[in-house]
Amino acid sequence: MQMHSLSFDVSHTLAGGLVLISFMMLYQDRLYSLLNVFALHALVLALSVAWQAFVQDAPHLYVTAAIALVFKAVVIPVALHRIVKQLGIHRDIESVVGIGPTMLAGMGLVALSMVLMLRVTPEADPLAREDLAFALSVVLLGLLVMVTRRNAVSQVVGFMSLENGLVLAATGAKGMPLVVEISVAFSILIAFIVIGIFLFRIRERFDSVDISALDDFRGERR
């Protein structure tokens, strides 16, 4: 009974930590700080997946945790740091709306996630239900990062944090087959490489990675 309570508490602490770090990403207005927070986000995800592997006695989830730790907490943040440095990207992040309204919108999305997920899964395991609610919150906050940031690099970070929420949901719901996890990991890596190439091309073409430059190029007005 005590072990079940401990697994419940640790799982929720880690999942809740991911939601909190997602809010930290929403708050950042500097690129390097945002990348560092994303690395922390991936590290907590790796810890959460490793804990689920222990609780569920699912050794294949340790592979998922290792992938998240190596690629998302180390390789991708370091690569993005280098891209920002090489392209000479403006380090300040421009937002579509202010930090205050963005944070309020984030809190509304978290509340929506909790209400929606807890109502549609009344028969599910309590641990899985609440982990899924946290995971949906992370996904929606990742989308909010993408929507409210004009810088292409920050939108890449939002996309990656969104995918972290999907991994949390999959592992909290008794995991995925190992082949699926590896396929997802390589898909994300390939997507990151393609995004990196597009960042270089956008920088060469528009001398900026602010997506508002694309609107100006198409003749659109904000």
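Helices H2 and H6 are roughly parallel to each other, because their axes cross at roughly 10° and an angle under 35 degrees counts as roughly parallel. I should say at once that this is a predicted model, so please hear every value that follows as computed from that model. H2 runs over residues 31-56 and H6 over residues 152-172, and their axes come within 10 Å.

Looking at who meets whom in this pair, the H2 side includes Leu-31, Leu-35, Phe-38, His-41, Leu-45, Ser-48 and Gln-52, while the H6 side includes Val-153, Val-157, Met-160, Asn-164, Val-167 and Thr-171. An α-helix has 3.6 residues a turn, so residues three or four places apart point the same way. By class, the residues of this contact divide into twelve nonpolar, nine polar and no charged.

Let me now bring in H3, which takes up residues 60-87. Against H6, its axis comes within 12 Å and crosses at roughly 175°, which makes H3 roughly antiparallel to H6. On the H3 side the contact is made by Leu-61, Thr-64, Lys-72, Ile-76, Leu-80 and Val-84, and on the H6 side by Val-153, Val-157, Met-160, Glu-163, Asn-164, Val-167 and Thr-171. Here the division is eight nonpolar, three polar and two charged.

The remaining pair is H2 with H3, whose axes come within 7 Å and also cross at roughly 175°, and these two helices are therefore roughly antiparallel to each other. The residues of that contact divide into 23 nonpolar, five polar and two charged.

What, then, of the geometry of H3 itself? At 1.5 Å a residue, its 28 residues should span 40 Å, and the end C-alpha atoms are 38 Å apart, which agrees. Within H3 there is nevertheless a kink of about 30° at Val-75, shortly before the proline Pro-77. After H3 comes Gly-88, whose phi is positive, near 65°.

Finally, a word on the annotation. The unreviewed UniProt entry gives "transmembrane region" for residues 6-27, 34-54, 60-84, 96-120, 132-149, 156-173 and 179-200. For two of these spans I can set the model beside the record: residues 34-54 are 100% helix and 0% strand, with end C-alpha atoms 30 Å apart, whereas residues 132-149 are 94% helix and 0% strand, with the end C-alpha atoms lying 26 Å apart.

Terms used. Residues are numbered from 1 along each chain as its sequence is written. This is a predicted model: local features need pLDDT of at least 70, side-chain atom pairs count only at pLDDT 80 or more; totals for chains, interfaces and linings use all residues. Side-chain values use heavy atoms; hydrogens and water are left out. UniProt positions are given in the numbering used here, feature names are shortened, and annotations may be inferred rather than shown by experiment. Helices (H or I, at least four residues) and strands (E, at least two) are DSSP runs, numbered from the N terminus. The expected span of a helix is 1.5 Å times one less than its number of residues. The bend at a residue is the angle between axes fitted to the seven residues ending there and the seven starting there. Axes are lines fitted to C-alpha atoms, for helices over the stretch in contact, and angles run from 0 to 180 degrees between N-to-C directions. Contact means heavy atoms within 4.5 Å. Ala, Val, Leu, Ile, Met, Phe, Trp, Tyr, Cys and Pro count as nonpolar, Asp, Glu, Lys and Arg as charged, and the others, Gly among them, as polar. Angles under 35 degrees count as roughly parallel, over 145 as roughly antiparallel, 65 to 115 as roughly perpendicular and the rest as oblique.
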